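Here are some worked exercises to try with the model open beside you. Have a go at each task before reading its solution.

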Amino acid sequence: EILRRIYTQNIDGLESISGIDDEKLVECHGHFRSASCISCGKSMDANRYQEIIFRTTKTSRSIDDNGDDDEDDNSNNIPTCTGCRSFVKPDIVFFGEALPMRFQSLILEDVERCDLLVVIGSSLLVDPVASIPTWVSVDCPRVLLNLEVVGDFNNKSGKKTDIILQGDCDESVRRLCQSVGWESKIDQLYQKTTNGNN
């Protein structure tokens with residue numbers, strides 16, 4: 001197996017949209033594809049959630065559906081749970097909240113079994129994800145593709161087996177694919193993912 005897992009801090013869901021199998025993906029900080037009640041955990045349809053938060057707000061004094069003068073506090077744009085009436089938020093991790101159980105249940109075995117760690121486009125500033133490169137075994141080679149040298153790649157505690165490709169991530173991925181004979185494969189994937197998005 002070439003790819004065991006992708007751990008991403010991105011909340012935009014691009015990895016999922018690009019076709020990464022859910023089994024291979026851990027969205028450490030969640031995503032916007034679903035929403036849940038902050039109290040009881042009941043799910044809300046993501047389309048309904050977005051419809052509520054993105055609808056045009058009324059002016060502070062407006063006419064309601066019955067033609068009555070109505071003062072609006074913009075509460076119509078706050079999604080609430082149909083069960084307990086508490087607030088609903090997208091299934092993303094806010095500062096101070098615990099990471100998803102999927103992260104907790106997979107990270108230890110994944111780190112233990114990792115035989116090559118690739119870090120792409122990260123500041124490596126937000127823990128615990130930022131610490132993953134320090135958790136792999138000393139025998140595990142690590143590759144950093146990034147504009148800047150970050151984390152412990154940046155100091156003397158970095159490993160002698162570290163490979164750092166500093167620069168644009170897309171260009172670095174292409175260079176890496178060229179070096180292992182995957183350039184046509186990356187071109188095919190690029191065409192497949194961009195054809196529907198032009």
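**Exercise 1: Two unusual backbone angles**

R85 is exposed, at a relative accessible area of 57% (exposed is over 50%, buried under 20% and partly exposed in between, with a 1.4 Å probe and protein chains only). This is a predicted model, in which local features need pLDDT of at least 70 and side-chain atom pairs count only at pLDDT 80 or more, while totals for chains, interfaces and linings use all residues. Residues are numbered from 1 along each chain as its sequence is written, and side-chain values use heavy atoms, leaving out hydrogens and water.

Task: Find where R85 lies, then decide whether L124 is buried or exposed.

Solution.
1. R85 sits in the loop between strand 6 (69-71) and strand 7 (88-92); strands are DSSP runs of E, at least two residues, and helices runs of H or I, at least four residues, numbered from the N terminus.
2. Phi of R85 is near 70 degrees, positive in a residue other than glycine.
3. L124 also is not a glycine and has a positive phi, of about 50 degrees.
4. L124 belongs to the loop between strand 8 and helix 4, and with 12% relative accessibility it counts as buried.

**Exercise 2: A cis peptide bond**

Task: Which loop holds P128?

Solution.
1. The peptide bond from D127 to P128 is cis, with omega near 10 degrees.
2. P128 is in the loop between strand 8 and helix 4 (132-135).

**Exercise 3: The nonpolar cores**

Task: Which residues of the largest nonpolar core touch the most other members?

Solution.
1. A nonpolar core is a set of buried Ala, Val, Leu, Ile, Met, Phe, Trp, Tyr and Cys residues joined through side-chain atoms within 4.5 Å.
2. Among the 21 residues of the largest one, the answer is Y7, C28, F103, L117 and I132.
3. Helix 3 and strand 8 (117-120) each supply at least two residues of this core, and helix 3 gives the largest share, 4 residues.
4. A second, separate core of 7 residues includes A35, C37, Y49 and C81.
5. Leaving aside residues up to four places away in sequence, Y7 touches V26, C28, F103, L106, I107, D110 and I132; contact means heavy atoms within 4.5 Å.

In soluble globular proteins, nonpolar side chains tend to be buried together.
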